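Please go through the terms used to describe the structure shown below. For each one, set the value against its definition and state the conclusion.

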Amino acid sequence: MSTVKFVFRGTVQGIGFRAHVKKKAVELGIKGWVKNNQDGSVSAVFSGDEEMISIMDGYCRKIPLAELSSVESMPADDANFDSFEIIRD
């Protein structure tokens, strides 16, 4: 079990990016969250099997209409997530 935080930069807001992320995360059994940031990026925390997180990373890089300029990933503190949520501000 791993927990990784990602920050996706580029054209990632206003194109359904978070909805795509949530649908795939639920499909893969990943728990955590995804949210828009004020700087136009999207942050996500994925918690689950390392292989599933790797699949999720690859999927996010190919979401339709998204044009990623960069992707940052860093280990995150393990948290006891019950599901995968879209955080709305």
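**Terms and their grounds**

Q: Why is Lys24 called buried?
A: Lys24 has a relative accessibility of 17%. It counts as buried because that term means under 20% relative accessible area, whereas exposed means over 50% and partly exposed lies in between (1.4 Å probe, protein chains only).

Q: What kind of model is this, and which limits apply to its values?
A: This is a predicted model, in which local features need pLDDT of at least 70 and side-chain atom pairs count only at pLDDT 80 or more, while totals for chains, interfaces and linings use all residues. Residues are numbered from 1 along each chain as its sequence is written, and side-chain values use heavy atoms, with hydrogens and water left out.

Q: What makes residues 17-28 a helix, and how does the span of α1 agree with expectation?
A: Helices are DSSP runs of H or I with at least four residues, strands are runs of E with at least two, and both are numbered from the N terminus. Helix α1 has twelve residues. From first to last C-alpha it reaches 17 Å, close to the expected 16 Å, a value obtained as 1.5 Å times one less than the number of residues.

Q: Which residues of α1 are buried, and why are they said to lie on the same side?
A: The buried residues of α1 are Phe17, Val21, Lys24, Ala25 and Leu28. They share a side of α1 because they cover an arc of only 105 degrees around the axis, taken from the directions from the helix axis to the C-beta atoms. On the other side of α1, Lys23, Val26 and Glu27 are exposed.

Q: What covers the buried residues of α1?
A: The cover includes strands β1 (2-11), β2 (31-36), β3 (42-48), β4 (67-75) and β5 (84-87), together with helix α2 (50-60). Contact here means heavy atoms within 4.5 Å.

Q: How do you know that Glu27 and Lys24 form a salt bridge?
A: The term requires a side-chain nitrogen of Lys or Arg within 4 Å of a carboxyl oxygen of Asp or Glu. The closest N and O atoms of Glu27 and Lys24 are 3.1 Å apart, and the pair therefore qualifies. The two residues are three apart in helix α1, which means a separation of about one helical turn. Unlike buried Lys24, Glu27 counts as exposed, at 54% relative accessibility.

Q: How many salt bridges does the whole structure hold, and what are the others?
A: A search of the whole structure finds three. One of them joins Arg9 and Glu72, with the closest N and O atoms 2.6 Å apart. That pair links distant parts of the chain, Arg9 in strand β1 and Glu72 in strand β4, 63 residues apart. Another joins the side chains of Arg61 and Asp57 at 2.8 Å, N to O.

Q: Why are the partners in these two pairs not given the same accessibility term throughout?
A: Arg9 at 28% counts as partly exposed, and Glu72 at 37% is likewise partly exposed. Arg61 is partly exposed at 44%, whereas Asp57 at 17% counts as buried.

Q: What makes β4 and β5 the edge strands?
A: The open sheet of five strands has the order β4-β1-β3-β2-β5, with mixed pairing. Strands β4 and β5 each pair on one side only, where pairing means that DSSP finds at least two bridges between two strands.

Q: How do you know that β2 pairs with both β5 and β3?
A: β2 and β5 share four bridges in the parallel sense, with Val34 and Ile86 as bridge partners and Lys35 opposite Ile87. β2 and β3 share six bridges in the antiparallel sense, and Gly32 stands opposite Phe46 in β3. Both counts satisfy the minimum for pairing.

Q: Why is Val45 called buried, and which residues does it contact?
A: Val45, found in strand β3, has a relative accessible area of 6% and is therefore buried. Leaving aside neighbours within four places in sequence, Val45 is in contact with Thr3, Val4, Lys5, Lys31, Gly32, Trp33, Phe81 and Phe84.
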